[in-house]
Amino acid sequence: MKYFATLLAVVLLAGCSMFGGSAKKQKEIDREQQQKVADTFNVASDFLMAENYRSAISAFQDFLKDYPSSEYELLAKYNLGLSYEGLGRCKAAGRYYREVIGASGKVQPRLRAQSLHRISYVYECLNRDAKVIASLMDVLRHPANISQEVIQAEIPARLAAAYARSGNQRQADEYFKLAQDGLKKLNLEIRDHAKKQKILGKTLYYMGRLSNHSIDTMEPMKYVETLRFLQPYLLRASEFRSSAFAPMAANELAEAYDKVWKKIASVKVTRQGEEVLNQRATKEQRNRLAQQALASVQALKAQRFPDKN
C-alpha cells in the first residue's frame, strides 16, 4: 500500500510536470495553428482582392472545409458572397449573405449590416425590387455600422430607383429628394478637398451604379426608367477627375445608353401574322422605348447638381 501510494505520488508529480510542459507546448501548437488558419484565410483574401474570383471561391471553400468553426468562418462566407457576386452569380452570392445575416446577429453586427447592404445588390441583379426595398430599409433601420455617405445618399438614391421601377412614383420622388439632400449635406460637411473628391466620387458612383441591372433580363422600359433615376449620379461621379471612380462612372453611363440603342435596334419589325409581334405592335414597342430613352437623355442634359467643390 505504501509502495502504491509512493508510486501514485511519483505519477502525480510526474503528471504535474508533464502537464505543465504539455500546456506550454500546447500553447505553442495553438499559436502555430492560429497562424496557419490566418495565413490560409489571407491567401484566399488575396485572390479576392486581386478580383481572381474563381480562385477565391475555391480557396474560401477549402478554408471552410478545413477550418469549419474558426473565428473567420462568417467572414469567409461573406467573402464567398463577394466572390460569387464578382462573377455575376447572384443567387449563390445571396445564399452566403443570408447565412451571414442569420448567424451574425448581435455577435458581429458590422458584418450583418454589411451583408444586408450587399444582398440589396444581389436582389437588384435578380430583379426583385420588393426585396431590394426591404433590405435597404433594414439597413436604414440599423445605420450604426454603415458609413454616413451610404446612409445619407447612396441608399436613398437606390430606393428611389427601386420605387420608380415598382411604379410608386410618389415614394421614388421622396427618396430622390432625400438623396439630393444627402449629397448637399456631405458636400458641406467634408472640408478637405482631396477627401471630398475621394468620398463624393465613390458615393456618387455607387448611387448611380448600373452594372447590377441588365436590359436583357429586365423589361427594357424599366431599365430606361432606372437609367433616368441613376444617370445624374454617374454623370456627376465622372466629373470628379481625381477620383478613381470617374472613368468607371463614365464608362457605365456610356455603356448603358449603348445597350439601350442596341435594344431599340434589335426590336425587329416582322411581317403580319408571324408569331413574335405583328408589324404595328412592334413599331409601337420600338417607338415607345426610343421616346423614353430620348426623354432620359433630355433629363440628363437638364440635370443640376450641388457644387462639387
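In this predicted model, begin by selecting Leu74, Leu75, Tyr78, Leu82 and Glu85 in H3 together with Leu111, Gln114, Ser115, Arg118 and Tyr121 in H5, since these are the residues through which the two helices meet. Coloured by class, the contact of H3 with H5 shows 6 nonpolar, 2 polar and 2 charged residues.

Next, widen the selection to the whole of helix H3, residues 73-86, and helix H5, residues 109-125, whose axes come within 11 Å and cross at roughly 15°. Because angles under 35 degrees count as roughly parallel, H3 is roughly parallel to H5. With both helices still in view, look at the sense of the crossing, in which H3 passes H5 in a left-handed manner.

From here, turn to the largest pocket, which has a volume of about 1100 Å³. Its lining is made up of 34 residues, and those to select at the start are Leu82, Arg118, Lys202, Tyr206 and Arg209, which are the closest to the centre of the pocket. Two of these names will be familiar from the previous stop, as Leu82 in H3 and Arg118 in H5 also belong to the contact between those helices.

Then display the helices around the pocket: helix H1 (2-49), H3, H5, helix H7 (148-165), helix H9 (193-208) and helix H11 (246-266) each supply at least two residues of the lining. Which helix gives the largest share of the lining? That helix is H9, with 6 residues.

As a last step, colour the lining of the largest pocket by class, where 15 nonpolar residues appear alongside 10 polar and 9 charged ones.

Definitions and conventions. Residues are numbered from 1 along each chain as its sequence is written. This is a predicted model: local features need pLDDT of at least 70, side-chain atom pairs count only at pLDDT 80 or more; totals for chains, interfaces and linings use all residues. Side-chain values use heavy atoms; hydrogens and water are left out. Axes are lines fitted to C-alpha atoms, for helices over the stretch in contact, and angles run from 0 to 180 degrees between N-to-C directions. Helices (H or I, at least four residues) and strands (E, at least two) are DSSP runs, numbered from the N terminus. Angles under 35 degrees count as roughly parallel, over 145 as roughly antiparallel, 65 to 115 as roughly perpendicular and the rest as oblique. A crossing is left-handed if the near helix is turned anticlockwise from the far one by less than a right angle, and right-handed if clockwise. Contact means heavy atoms within 4.5 Å. Ala, Val, Leu, Ile, Met, Phe, Trp, Tyr, Cys and Pro count as nonpolar, Asp, Glu, Lys and Arg as charged, and the others, Gly among them, as polar. On a 1 Å grid over the protein atoms alone, a cavity is a set of points where a 1.4 Å probe fits but cannot get out, and a pocket is an open set with protein on both sides within 12 Å along at least five of seven lines; lining residues have an atom within 4 Å of a point. Grid points are joined across faces, edges and corners, and a volume is the space filled by probe spheres set on the points.
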